[in-house]
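This briefing covers one pocket, one annotated span and the nonpolar cores of a protein model. Please consult the sequence and structure shown below while reading.

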Amino acid sequence: MRLVRLMKVFVTRRIPAEGSVALAQASDCEVEQWDSDEPIPSKDLEQGVAGAHGLLCLLSDRIDKKLLDAAGANLKVISTLSAGVDHLALDEIKKRGIRVGYTPDVLTDTTAELAVSLLLTTCRRLPEAIEEVKNGGWTTWKPLWMCGYGLTQSTVGIIGLGRIGKAVARRLKPFGVQRFLYAGRQPRPQEAEEFQAEFVSTLQLAAESDFIIVTCSLTPATKGLCNKDFFQQMKKTAVFVNVSRGEVVNQDDLYQALASGQVAAAGLDVTTPEPLPTNHPLLTLKNCVILPHIGSATHRTRNTMSLLAANNLLAGLRGAPMPSELKL
């Protein structure tokens, strides 16, 4: 009887059930998992990945040269349970001929829903209003009390009119938005046609928008894109929302803009770092709503992401086409 050598798979966190089941049923794999919801310490990650043929990771895991060296020559596939890949050292991964799977399309609608929720929560000052109910600040109906900003007849600017950007625009259009602007690397006339969106420079978008939503990928070109110059161009009544990556925003500059009244309010689902320290200056501001990176956090979406990440990994290990492979 010929013994079949199992392929070692290392999973950096507990993942939702559908992905876990798919991996457990893979008879050609030996799966090891960091059995916690909390991030795996770097030393344990290096030990766990040593000799692995496949790695299933999260966006909070830094997959760099040091970790790849620790993994060794066996590593053939990395599958990330995320749409973003800025945590992966892609140049180094490509050099080693490692295939990469990711989960881009399955979280588009869920993230767009969260972006709209965060925009409405921020522009209508819902956290402040809830707090006033709880602390006794609600005394009577007052004409100017707790007034925010509405979407009807507004101009909305979207930085990054990709899958999520389009899904956000599609959801905002019925609110009576008068004009859509977008900025990015290049015009995208086919994507823009549905909303009659105008392609403009980033600074023009900042200057003319009542609401700005950042949905672009984190790249060297977008890192720190929303900085002091950007915020100085914005209207004092404008609302800024980021659901992309924290590093797209210079948070010190954002704090100054919000604290000085240069920008009316901001809603962030992503920060630098994550989690944001509880003593961070942004958390002292009433006009800044911060969420703990929950853009894709619905039961259905996270399970779908988990299954796709598992299937990407297994297909890559077996030399088959991945359901969703990042072409390097």
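**Pocket, annotated span and cores**

The second largest pocket has a volume of about 160 Å³. A pocket here is an open set of points on a 1 Å grid over the protein atoms alone, where a 1.4 Å probe fits, with protein on both sides within 12 Å along at least five of seven lines; the volume is the space filled by probe spheres set on the points. The model is predicted, so local features need pLDDT of at least 70 and side-chain atom pairs pLDDT 80 or more, while totals for chains, interfaces and linings use all residues. Residues are numbered from 1 along each chain, and side-chain values use heavy atoms, without hydrogens or water.

**Pocket lining**
- Lining residues (an atom within 4 Å of a point) include P39, I40, E46, D61, R62 and K66.
- Helices α2 (42–49) and α3 (65–71) each supply at least two lining residues, and α2 gives the largest share, three residues.
- By class, the lining comprises four nonpolar, two polar and five charged residues.

**Annotated span**
- The unreviewed UniProt entry annotates residues 117–295 as "domain: D-isomer specific 2-hydroxyacid dehydrogenase NAD-binding".
- The end C-alpha atoms of residues 117–295 lie 10 Å apart, and the span is 31% helix and 15% strand.

**Nonpolar cores**
- The largest nonpolar core (buried nonpolar residues joined through side-chain atoms within 4.5 Å; buried means under 20% relative accessible area, 1.4 Å probe) has 49 residues.
- Among those with the most contacts (heavy atoms within 4.5 Å) inside this core are L23, L119 and F180.
- Beyond four places in sequence, L119 touches L151, L172, F211, I213, V239 and V241.
- A second, separate core of 27 residues includes A183, L205, A238 and L268.

Conventions
Helix = DSSP H or I, 4+ residues; strand = E, 2+ residues; numbered from the N terminus. Nonpolar A, V, L, I, M, F, W, Y, C, P; charged D, E, K, R; others polar. UniProt positions renumbered as here; feature names shortened; annotations may be inferred. Buried < 20%, exposed > 50% of the residue type's maximum accessible area, 1.4 Å probe, protein only.
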